[in-house]
Amino acid sequence: MSAASPDGPGAVPGWAARALRAVLDRVSVTRAQVGDRFPLFAAPDESGWTTTGRGSWAGGFWTGLLWLRARYTGSAADREAAARFTGRLAHWVDADTATRGLVFWYGTALADTGEAAGLRGRAAQACRASYEPRLGLVPWGAAFGGPRLLARVDGVPGTVPLLASTAPGLAAAHLHSHLRLCLGGDSFRWSWRYEESAGWVPYDDPPPGWSRGRAWLLLAVADAVHRLGGDDLSQPLHRLLPAAVVPRADEAHPDGPPDTSAAAVTAVALLKLGHHDQAAALLHDLVRHHLTADGRLLHGCYDLAAGTATAHELVWGDFFLAYGLAVLTGLVDPHTA
């Protein structure tokens with residue numbers, strides 16, 4: 001039975017409407033707490049947010065939440081806050097990072113201003129300029145340190161729709177290069193390093209068991225099916241589609257913590273693919289077991305290996321939960337962002 005069934009066929013699930021209100025009320029509370037900084041993660045003891053001044057790779061999820069709240073409330077003050085934070089992402093356009101997709105797609109796709117559209121267009125052109133034909137993809141980049149010539153799975157979501165808006169062929173190549181690497185063996189590998197002498201070699205950061213790897217790649221495939229056509233994506237979809245459960249943060253640690261953010265990303269991907277009942281069941285699980293009364297999605301795991309924020313509220317978990325609930329309640333279309 002689907003999570004929506006208690007409310008009748010085609011009805012907006014009451015639990016989804018209540019949860020969306022709580023999550024978007026939480027956005028207002030978070031905005032008051034963080035001021036002009038970008039939230040990253042918050043401990044379950046309500047001791048406050050760890051923030052960044054420039055947004056890092058997750059800044060677009062905060063602006064995406066602000067735009068969702070502005071749509072929900074219709075408030076001029078909420079809209080002004082969303083526009084102001086979106087403008088502060090501009091410096092990432094010229095940064096050497098494939099996470100432009102995470103920053104600019106999710107940070108601007110829900111906006112309705114010319115400024116945001118212009119920023120999204122600039123980011124799309126920057127992705128196009130960063131594409132390396134010999135590698136068949138946009139490399140990870142050097143903005144966050146470490147090897148520059150990486151193919152990392154979190155450099156695919158958002159980048160596919162950005163590239164699709166200006167260079168559909170490059171969007172398809174970027175996705176398929178990552179699919180060949182990540183799904184090419186018997187097990188998943190979410191990161192590869194390019195060496196001139198050897199070509200692509202496995203790179204274990206993030207590790208093969210990382211649950212968000214599957215979620216990010218499923219999301220990118222879902223966007224490609226909608227924006228590029230999915231005739232050649234049935235096989236990777238079959239491998240990537242998960243059970244509708246909240247996964248462990250790392251499959252190699254079955255007794256380790258869960259990652260609700262991976263489940264929220266997966267739910268949005270499922271909605272984009274038209275798997276409505278499976279997505280609703282997963283969102284219902286998150287709401288029933290992991291969402292507090294005041295709208296905090298707990299039990300997200302940022303980085304298990306480093307021991308960073310392993311049972312926390314994560315800004316991207318909040319965003320994808322809010323987006324999924326907004327789709328269920330009719331506030332947005334699944335393909336808006």
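## Two helices side by side, and cysteines apart

Helix 8 passes helix 10 in a left-handed crossing, meaning that the near helix is turned anticlockwise from the far one by less than a right angle. Helices here are DSSP runs (H or I, at least four residues), numbered from the N terminus. This is a predicted model, where local features need pLDDT of at least 70, side-chain atom pairs count only at pLDDT 80 or more, and totals for chains, interfaces and linings use all residues. Residues are numbered from 1 along each chain as its sequence is written, and side-chain values use heavy atoms, with hydrogens and water left out.

Helix 8 covers residues 211-228 and helix 10 covers residues 260-272; they pack at about 20°, with axes 8 Å apart. Axes are lines fitted to C-alpha atoms over the stretch in contact, and angles run from 0 to 180 degrees between N-to-C directions. That angle makes helix 8 roughly parallel to helix 10 (under 35 degrees).

Now for the cysteines. How many disulfides are there? The count is zero, a disulfide being a pair of cysteine sulfur atoms within 2.5 Å. Here is why two of the cysteines miss out, as their sulfurs are too far from the closest cysteine sulfur for a bond:

| Cysteine | Closest cysteine sulfur | Sulfur distance | Relative accessibility |
|---|---|---|---|
| Cys 127 | Cys 182 | 17 Å | 2% |
| Cys 301 | Cys 182 | 19 Å | 3% |

Cys 127 counts as buried, and so does Cys 301; buried means under 20% relative accessible area (1.4 Å probe, protein chains only).

Terms used:
Buried means under 20% relative accessible area, exposed over 50%, partly exposed in between (1.4 Å probe, protein chains only). Angles under 35 degrees count as roughly parallel, over 145 as roughly antiparallel, 65 to 115 as roughly perpendicular and the rest as oblique.
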